[in-house]
Amino acid sequence: MCFPCEDMCTRAHRPRNMRRLQVLLLGLLLLHQGCCFEFVIDGEWEDEMSQMQDHRERHKRAILTSEEQEDFEAIRGDDITVRSYKVESRITSRFSHTIVRSSMVNSGSTPQSIAFNVQIPKRAFITNFTMNVNGITFVGSVKEKTVARNLYAQARARNKAAGIIRTNSQDMETFKTEVHVPSGSNIEFELHYQEMMHRKLNLYEHTLHLQPGRLVPQLQVDVYIFEPQGIATVKASNTFGAQFADLIKVTSTKDKAHIVFKPTVQQQKQCENCTESAVEGVITVLYDVNRDSNAGELQVSDGHFVYFFAPSNLSPLPKNIVFVIDVSGSMWGVKMKQTVQAMKAILDDLTIDDYFSIVDFNHNVRCWSEELVPGSSIQIADAKRYIENIKPNGGTNINEALLRAVQMLVRASNHRVIDPRSVSMIILVSDGDPTVGEIKLSAIQKNVKRVMREEFSLFSLGIGFDVDYDFLERIAMENRGMAQRIYANHDAAEQLRAFYSQVSSPLLRKITVQFQADSVAEVTQNHFDKFFSGSELVVAGKVLPSESNTLTSFTMGSAARLDITLETDADTTELDTELAKQQHSFTGFARQMWAYLTIKQLISERSLATTAVKKRKITQRIMTLAVEHQFVTPFTALLVESGDATERLLADSPKDPKHGCCSGGGSSGPPPVKVLVYQPPPWVHMPTPAPSMGEVLEGPKEEITLPEQVNLVDNDPHFIIHLPRSNMDICFNIDSKPGHILNLLSDSGTGVTVNGQLIGSKKVNKRTYFGTIGIYYQPDGISVIVSTDGITMTDGRNNHSFTWGSTAEIRQDGIRISIVKNSNVIITINNSTQVMVLLHRVWKKHPVNVDFLGIYIPNENQYSPLVHGLIGQFSIEPEAILYDIHKGADPLKKEATMEVKGNKLLVTRGWQKDYRRDKKRGSNVYCWFIHNSGKGFIDGHYSQYIVPNLSSFLHMP
């Protein structure tokens, strides 16, 4: 009979304050050639009574101590020969699958314990752990926790035991296991985990902790990235030391990147003659993807979709911020110094459009200003002096401080001090629990929830580990914000500034992502309160069977002074075909990402559930999904067993990482998972499914949104003026120079002007085209600039840009901009004036031609009597008499005499093109052509229509 070694008893009892951090792996004792293999208990079960533990004790250990951090090694044991240590990450569409493998031998003459430890990101889910000891393989599978425990108990009944513990260190958790093996044993470990990359400050970050603790003959890290949309930037860094900077190799193509770190044994050494390894730290990979438009990126694979939304080129919304700062006695010293340092930098970031105030609290609550004030240089300087003079002392009255902050925002909103489209937020900075006033956390939570308005958000920053971070996270999540722990033993000032940078530039509010009816199901959270610059919103779901190969999403949101609707679509088969060609892609990314997001949101929803019944229902959904997708969660466990299922290990995680300190208060947090059906606006051209055999589609294939008869200028540039009373079309060209800006429509009475800037072809003196169109509405100061690159809307203070890559609708006051993907844009002003700009793309390698624009203006537009311009002057139709029609020099083109505006003109019958229906070939418009740049038909000479800029009005002599 085999008995556990003595050190098992000494390690079986760790401090109880580690209980919250545990992931236990229990149950193995192998007999092999008369020797024992055994796992050491390195933690204890979290029983139901642990939930009764006082909340003041539960939260105080959340990271490793500095001694534990220094003592960490990925592989631990004496006289161990580590043959290899390899890490491989495959990142596909922001979802990573990481495998950590190690192979080693007990080279000692006696049995010993060998530890295998891996630091993984907190957001990651472990998906598998396998182990091979002398040819006996243990394979993992995720099961509901109760099922796994029962199976484990069968093995434990034979007095076999094992242990794994997972502990926290800033953004990492540590997975630990130990196995006791005889001399000469061969051991292989393999751990799998998955996570979604979160975008912060315009970059995705993938972190790998590498600390083998010894020289390794085969040490290698590979990170493979595949992003179908293309990789915009990728870089890698390490914390090992400057000597390793050139050993991390980064290679990238349009849509793939490979990062490899493969130092030799000599390169791993701390010095030339050293036997210790210098490889101790973190490899960080930062990257971002290409984005063709603000409409987002829709990907479909394996029956699931993922939608990524990260718009840019939008002006930030103005902010209203109340900073609520803990100045109790525990903040004395470095904490306060770093908080003041961070606050001074944050205040410098405010603009004159932002409103702010500061509330500082200990046992009392003080306000720097009782009302919100604009972020002027005078106010900011005064606020800096105020925080510099704060002297921490006394207790902590969080309840009254937060209520005072909410009252400030309410008053400012009621008195219309702040812009109704602005973003209002409270940023709480605290390092401890309440000790004065209301100290019951559940009561504080309810008090704040009761007074917070829907348009307000609360962000919580907890400094150090005397604060109940669970409470801060709950109260923030319940009020449309988020929480972050600030690590006092790091650069707290930089952490505070970095957090503020994430929320300092809100671009959109009230964002909703919707889909057409019966196209998707089981969609993750698709309504978001705010979008901050540099971040990303992600929505996933299942794609329902359909005859169409196209899935379309519609995203709506409110920006500064305007509302936008964006449309994007994806082929439902294209990506799977592409993934099959990739050697290092993660083909199941969409399915796993949907499950990952759903489980994360359900865990958050569960923590806010108000009844036990709701909690049980959510828990069951989590367990079902986690087992199906093999994620180790707080409600599932990883059962690792030998091929004959006689030996079992159990990887178990805490019952509930939140350990709710207080009951949820009403509906809050992420909204229930549901499918929103989108009813598209009439301007959207809905895709028409291909007809089946014998079926006839009725009606036009494309909706015409402008009247049949219009005035237009297109190509190089050809003007066509329609005269309704005469039922006649008149054509003329303008032979001006590249760079000239021609006024097409100028109406000082309604305040509308339309101008076009000419560009030349690739060869000099060949042709000119319109390359940029400016539409300016003077009453609101709104300017719309349309170029072949995109569409920009400005109003004097805000600047918003959109590409041709997606269908979109933008509304601001009386202006509506309707973009049809890679086709045209229609600008409508006060429902009385419309201008369509048509995009022409040419072959990029064409030796002469360039991309250009066409302009189409309806005759039905309503102008004042002051209207003019090359096209605008014809809103008042001139009388045109045509006679003496005869054969011309070209027998196919007749000639005639036209009397118009007191002039007799020789005109030629011909045709020009209307490209609205067919942009390649166009439709023929037969017209009478007027020579010499329209001389005699237009007022004055064409040179009189040249204006200085795209927003100029025409001033005719």
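1. In this predicted model, the note begins with an open sheet of 4 strands, whose order is β13-β14-β19-β16 and whose pairing is antiparallel. At its edges stand β13 (199-200) and β16 (231-238), and since each has a single partner strand, one side of each is left without a neighbour in the sheet. The partner of β16 considered here is strand β19 (residues 281-289), to which β16 is joined by 7 bridges, the two running antiparallel. Within this pairing, Ile-231 is placed opposite Val-289 in β19. Val-289 is also listed in a core, taken up in point 6 below.

2. Two disulfides deserve separate comment, and the count for the model is indeed 2 disulfides. In one of them, Cys-271 and Cys-274 are linked with their sulfur atoms 1.7 Å apart, and the link is right-handed, with 95° about the S-S bond. The two partners fall into separate accessibility classes: Cys-271 is partly exposed at 37% relative accessibility, whereas Cys-274 is buried at 15%, the boundary for buried being under 20% relative accessible area.

3. Another disulfide runs between Cys-731 and Cys-927, with an S to S distance of 1.9 Å, and here the link is left-handed, with -115° about the S-S bond. Cys-731 belongs to strand β39 (residues 728-733) and Cys-927 to strand β54 (residues 923-930), so this disulfide ties together parts that are 196 residues apart in sequence. Cys-731 is buried, with a relative accessibility of 0%, and Cys-927 is likewise buried, with a relative accessible area of 2%. A further cysteine, Cys-367, is buried at 16% relative accessibility.

4. As to charged pairs, the model has 33 salt bridges, and a few may be looked at individually. Arg-291 forms one with Asp-288, where the closest N and O atoms are 3.0 Å apart; Arg-291 is partly exposed, at a relative accessible area of 28%, while Asp-288 is buried at 9%. Both residues also belong to a network of salt bridges that links Arg-94, Arg-199, Glu-227, Asp-288, Arg-291, Glu-297 and Glu-536. Side chains of opposite charge can pair when their charged atoms come close.

5. What does the salt bridge of Asp-563 with Arg-421 tie together? The closest N and O atoms of this pair are 2.9 Å apart. Asp-563 lies in strand β34 (residues 562-571) and Arg-421 in the loop between α8 (398-414) and β26 (423-430), so the pair connects parts that are 142 residues apart in sequence. Asp-563 is partly exposed, at 32% relative accessibility, and Arg-421 is also partly exposed, with a relative accessible area of 21%. In a further salt bridge, the side chains of Arg-811 and Glu-809 meet at 2.8 Å, N to O; Arg-811 counts as partly exposed at 40% relative accessibility, whereas Glu-809 is buried, with a relative accessible area of 5%.

6. Turning to the nonpolar interior, the largest nonpolar core has 84 residues, of which Val-786, Ile-817 and Phe-937 touch the most other members. Strand β29 (residues 506-515) gives the most to this core, contributing 5 residues. A second, separate core of 52 residues includes Val-87, Ile-114, Val-142 and Val-289, the last of these being the β19 residue that stands opposite Ile-231. In soluble globular proteins, nonpolar side chains tend to be buried together.

7. Which residues does Ile-817 contact, leaving aside its neighbours within four places in sequence? The contacts of Ile-817 are with Val-784, Ile-791, Met-793, Ala-808, Glu-809, Ile-810, Val-825, Ile-826 and Ile-827. Glu-809, in this list, is the buried residue that forms the salt bridge with Arg-811, and the contacts of Ile-817 therefore take in a charged-pair partner as well as residues such as Val-784 and Ile-791.

8. Finally, is Lys-904 buried or exposed? Lys-904 is exposed, with a relative accessible area of 64%, which lies over the 50% that the class requires. Lys-904 has its place in strand β53 (residues 903-914), and, not counting residues up to four places away in sequence, Lys-904 touches Tyr-883, Thr-897, Met-898 and Glu-899. The C-alpha atoms of Lys-904 and Leu-882 are separated by 9.7 Å, these residues being 22 residues apart along the chain.

Definitions and conventions. Residues numbered from 1 in each chain as written. Predicted model: local features only at pLDDT ≥ 70, side-chain atom pairs only at ≥ 80, totals over all residues. Heavy atoms only, no water. Salt bridge = Lys/Arg side-chain N within 4 Å of Asp/Glu carboxyl O. Buried < 20%, exposed > 50% of the residue type's maximum accessible area, 1.4 Å probe, protein only. Pairing = 2+ DSSP bridges. Core = buried A, V, L, I, M, F, W, Y, C linked by side-chain atoms within 4.5 Å. Contact = heavy atoms within 4.5 Å. Disulfide = S-S within 2.5 Å.
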